[in-house]
Amino acid sequence: MENHETILLEARQITKEFPGVKALDQVELRAYAGRVNAIMGENGAGKSTLMNILSGVYTDYEGVLLMDGKELHLTGTEDARGHGIAMIHQELHLVPFLDIAENIFLGREPETALGLIDYKQMHREARQLLDRLHFEADTHTLVNDLRVGQQQMVEIAKAVSVSARVLIMDEPTSSLSESETEVLFQLIQEFRSQGVAILYITHKMDELRQLADYVTIMRDGKYIDELPVKGLDTDHIVAMMVGRDKGDFFVKNSTVYADPFVALEVRGLSLHDNSRKGHDVLHDISLQVKHGEVLGIYGLMGAGRTELLESIFGLHAHEVEYAADGGCFINGQRVTIGSTSDAVAAKMTLIPEDRKRDGLVLDMNIRENTSLASLWQFLTHGLLSPKKEKAAADDYRQRLSIKSHSDQQLTRQLSGGNQQKVVLAKWLLTDPDIILLDEPTRGIDIMAKNDIYRLISELATEGRAVIMVSSELPEIMAVSDRIITLCQGHLRQEFLRKDFSEQAILKSALPQTDNTISYI
């Protein structure tokens, strides 16, 4: 495409190989001054790999980078920052046991006249950055104590703290609330007005329309095209991304329950924060889900969605910080879920929100991760059988379309969508009757999402009970048979599928004075 915009950073004929995989093949990309170039493609298309080259994470590749028309050879991330290139990572690059301020200025700490770290100045500047993002957390808070969405805000603050000429954003809104997303979009407009070039990876069509001037399409590690967004047809974008049209997307069929009985019932569940007397994270939650049903849970950031699933799964049963109470009934029988082991024994499973931290051992391969929750299945005379493990891993690689060169590939090397599929494979091997899904499609591409939507539908058709948390309202409406909304730890409202309405569901998730549940 002929383009007369000012190019700040350009990638030409970039090729990058990992053992057994060509991640990038002759790829091109341009970053324009004062413009947003969105990069779209399936997980595994090579988007993040390319961004890691532009930001100095990977320095071994074929091809040429140009900055202001001059060839650029980056030696690392510090060198990239020195050239005015900063990146907001989707998969968070933070040190969990350092505080917020220390993470923001890691490697760039302000110093006193004696050459020591000036902590007072560092926390003062961190506070100014967080205020700009309308993020009220204490700068002394350890990153490990923050939720994923809050950690994403720290990642954004870290990038904003650098006076960047080129700002790379890899799915920056994947964990953000609506209000946090709005703040980020305002910042992007500020950067554009200052002439900053922005490269923005996204899977969301509404973000593309709202933010981008251009879109660069990638597929299977190759550059497909760069086009102006104005007037561009969504079906055309999808066809370039995935090689098929929008008609192949998931459409939920009417559910026919394999069993009309209640699989899981929760009565009067509350979660108390022991560090804040009188403060409950969850307030007297009661719900039920039937065999063959998908129950969606929707709420804004801080509503208690993740805590609800964790409490049902027994994660907070014996913690010092929290205390949970309430009743749990499976197939009509009261059960005590005093630990995650109790939950698994009751044929329940939880797919966590943070797949890297809580779902996978990144330096283990696909086979090892797949068998991790059900090792007893792969024992022969008391010894682990690699042959049995491989057969199971290969079966799920095929069933879930996990893109990988073999079962020996490290999960660290997989795209986000394929990592999520490995987490699903691991827990499906336990043959659960009740499946809890916490943001199962966070940060993955449109076709990987559709693979997971179809899987959820298939699991329900098999008679399994599914509870799914999502912060994306169109998604939760697409896959659910019923939706309940949460607000500030209270159960607000229940919607049957025939009554789904974006406006009504969102309204019920907003803070109100009445804490009672109403049924439509």
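Strands here are DSSP runs of E with at least two residues, numbered from the N terminus. Keep that in mind as you move around, and remember that this is a predicted model.

**Stop 1: N37**

Start by selecting N37, which sits in strand 3, residues 36-40. Is N37 buried or exposed? With a relative accessibility of 0%, N37 falls under the 20% cut-off, so it counts as buried. Now show its side chain and look for polar partners. One is the backbone oxygen of R30, which the N37 side chain reaches at 2.8 Å. Another is the side chain of E226, joined to that of N37 by a polar contact of 3.3 Å. To see the wider surroundings, add the residues that N37 touches beyond four places in sequence: L29, R30, Y32, I198, L199, Y200, Y214, V215, T216 and E226.

**Stop 2: Q26**

Next, select Q26 in strand 2, which covers residues 21-32. What is the sign of phi at Q26? Its phi is positive, about 60°, although Q26 is not a glycine. That deserves a look because most residues other than glycine have a negative phi. As for cover, Q26 is partly exposed, with 39% relative accessibility.

**Stop 3: helix 1**

Move along to helix 1, residues 47-54. Seven of its eight residues are buried, so the helix is largely enclosed by the rest of the structure. Colour the buried ones to see this: K47, T49, L50, M51, N52, I53 and L54. Then step on to G56, which follows helix 1 and has a positive phi, near 85°.

**Stop 4: two cysteines**

Select C328 and then C487. C328 is buried, with a relative accessible area of 10%. C487 counts as buried too, at 3% relative accessibility. If you were about to go hunting for disulfides, save yourself the trouble: the structure holds zero.

**Stop 5: W376 and its patch**

Now for some surface. Select W376, in the loop between helix 12 (366-371) and strand 17 (379-380). W376 is exposed, at 62% relative accessibility. Which residues make the nonpolar surface patch here? Add V361, L372, L375, L379 and L384 to W376, and you have a patch of about 540 Å². Switching on a surface view is a handy way to look at this one.

**Stop 6: H381**

From strand 17, go to H381, in the loop that leads from there to strand 18 (383-384). H381 is exposed, with 80% relative accessibility. Check the backbone here as well: H381 is not a glycine, yet its phi is positive, at about 55°.

**Stop 7: N418**

Finish on another asparagine. N418 is in helix 14, residues 416-428. It is buried, with 5% relative accessible area. Where does its side chain find a polar partner? Turn on the backbone of K403: its nitrogen lies 2.9 Å from a polar atom of the N418 side chain. Leaving aside residues up to four places away in sequence, N418 touches S401, I402 and K403.

**One last view**

To round things off, put the two asparagines on screen together. N37 has its side chain at 2.8 Å from the backbone oxygen of R30, while the N418 side chain has a polar atom 2.9 Å from the backbone nitrogen of K403.

Note on methods. Residues are numbered from 1 along each chain as its sequence is written. This is a predicted model: local features need pLDDT of at least 70, side-chain atom pairs count only at pLDDT 80 or more; totals for chains, interfaces and linings use all residues. Side-chain values use heavy atoms; hydrogens and water are left out. Patches are made of residues with over 30% relative accessible area and no salt bridge: like charges are joined within 9 Å, nonpolar side chains (Val, Leu, Ile, Met, Phe, Trp, Tyr) within 5 Å. Accessible areas come from the Shrake-Rupley method with a 1.4 Å probe; for residues, only the protein chains shown count as cover. A salt bridge is a side-chain nitrogen of Lys or Arg within 4 Å of a carboxyl oxygen of Asp or Glu. Helices (H or I, at least four residues) and strands (E, at least two) are DSSP runs, numbered from the N terminus. Buried means under 20% relative accessible area, exposed over 50%, partly exposed in between (1.4 Å probe, protein chains only). A polar contact is a pair of N or O atoms within 3.5 Å; within protein, one must be able to donate a hydrogen and the other to accept it, and residues adjacent in sequence count only if both atoms are side-chain atoms. Contact means heavy atoms within 4.5 Å. A disulfide is a pair of cysteine sulfur atoms within 2.5 Å.
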